[in-house]
2 protein chains.
Amino acid sequence: MSGKIKEKTCQFKLMAARDALEVIQGRWRFPIIIALSDGKKRFGELKREITEISPKMLSQELKSLETNKMITRSLLNTMPITVEYELTPLGTSSFKLLDELLEWGLHFREEIMRQ
Amino acid sequence: MSGKIKEKTCQFKLMAARDALEVIQGRWRFPIIIALSDGKKRFGELKREITEISPKMLSQELKSLETNKMITRSLLNTMPITVEYELTPLGTSSFKLLDELLEWGLHFREEIMRQ
DNA sequence: GTTATCTATTACCTATAGGTAACTAGTTTC
DNA sequence: GAAACTAGTTACCTATAGGTAATAGATAAC
């Protein structure tokens with residue numbers, strides 16, 4: 001049974017879960033957070049690492065993650081100009097959830113694949 | 001740092017995480033699974049419990065969860081006919097992930113709310 | 001002076017998610 | 001025979017997600 005959910009006044013908890021989903025869902029949020037998990041990276045580095053993402057989506061998703069205080073954006077006075085993105089403590093606090101997502105995803109694949 | 005992700009051959013793990021997201025994401029999957037967490041329920045019971053869901057969405061999401069082997073659908077020979085939905089072991093195996101989603105969601109709300 | 005690299009932005013398109021409202025078909029109660 | 005309950009289905013609409021391709025302005029390299 002689910003220990004923390006469903007002890008009455010469920011509405012508030014459903015809201016929390018919905019918020020969490022909103023932050024990590026979509027095609028690119030997860031890959032971006034993982035890419036930043038080993039330290040700050042520039043726009044172009046992220047673009048090269050997340051091979052299939054378009055500059056539009058990368059820019060858009062980075063803005064969204066910044067709005068949600070998951071990452072910070074630093075403009076550096078280099079020539080040419082470079083921009084560094086880095087996970088905040090809030091961003092890194094999602095690792096446990098992301099690991100759980102991965103682990104259950106593997107379990108799910110196994111179960112689904114063998115009929 | 002994220003222990004299980006990013007030990008190279010990341011593609012496969014990104015796929016697993018993406019699969020997991022696909023199963024639990026959307027507005028109604030999470031509430032439906034939670035509603036079924038304390039035992040089997042009929043269509044009408046779910047509809048009444050998840051107050052804002054429309055019959056179309058409930059029907060559609062139940063089908064999707066059944067396809068993903070998260071729940072079973074049993075037609076009962078009662079008059080009038082009733083249908084029972086119940087979590088499978090795969091369905092209940094998602095509780096740990098859902099709890100983590102809730103817990104991080106609460107943490108996220110706290111962090112976001114105080115500026 | 002043309003090309004490449006930096007970090008994006010803009011216009012345009014399609015597919016999907018999700019919502020509303022009405023309807024179906026059978027059974028049971030008033 | 002009208003209304004309500006059973007479990008859905010159907011048509012239609014809007015908003016969002018996400019994709020492609022072209023463009024922008026600054027600087028640096030050739």
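Visitor: What rotation superposes chain B on chain A?

Guide: In this predicted model, a rotation of 180° with 0.0 Å of shift along its axis does so, at an RMSD of 0.0 Å, by least squares on the C-alpha atoms of residues with pLDDT of at least 70 in both copies. That is the relation of a two-fold axis.

Visitor: Which surface do the copies meet through?

Guide: The copies meet through the same surface, because 100% of the interface residues of chain B are also interface residues in chain A; contact means heavy atoms within 4.5 Å.

Visitor: Changing topic, how many residues surround DNA strand C?

Guide: There are 21, and the closest are A:Ser59, A:Arg73, A:Tyr85, B:Arg27 and B:Lys56. A residue is near the strand if one of its heavy atoms lies within 4 Å of it. Sugar and phosphate make up 70% of the atoms of DNA strand C that come within 4 Å of the protein.

Visitor: Where is the phosphate oxygen partner of A:Ser59?

Guide: A polar side-chain atom of A:Ser59 lies 2.7 Å from a phosphate oxygen of DNA strand C. For A:Lys63, a polar side-chain atom lies 2.9 Å from a phosphate oxygen of that strand.

Visitor: Which element gives the largest share of that surface?

Guide: α4(A) does, with four residues; helices are DSSP runs (H or I, at least four residues), numbered from the N terminus.

Visitor: And what about numbering and cut-offs?

Guide: Residues are numbered from 1 along each chain as its sequence is written, with chains lettered from A and ligands numbered from 1 in the order written. Local features need pLDDT of at least 70, side-chain atom pairs count only at pLDDT 80 or more, totals for chains, interfaces and linings use all residues, and side-chain values use heavy atoms, leaving out hydrogens and water.

Notes:
Polar contact = N/O pair within 3.5 Å; in protein donor to acceptor, adjacent residues only side chain to side chain. Helix = DSSP H or I, 4+ residues; strand = E, 2+ residues; numbered from the N terminus.
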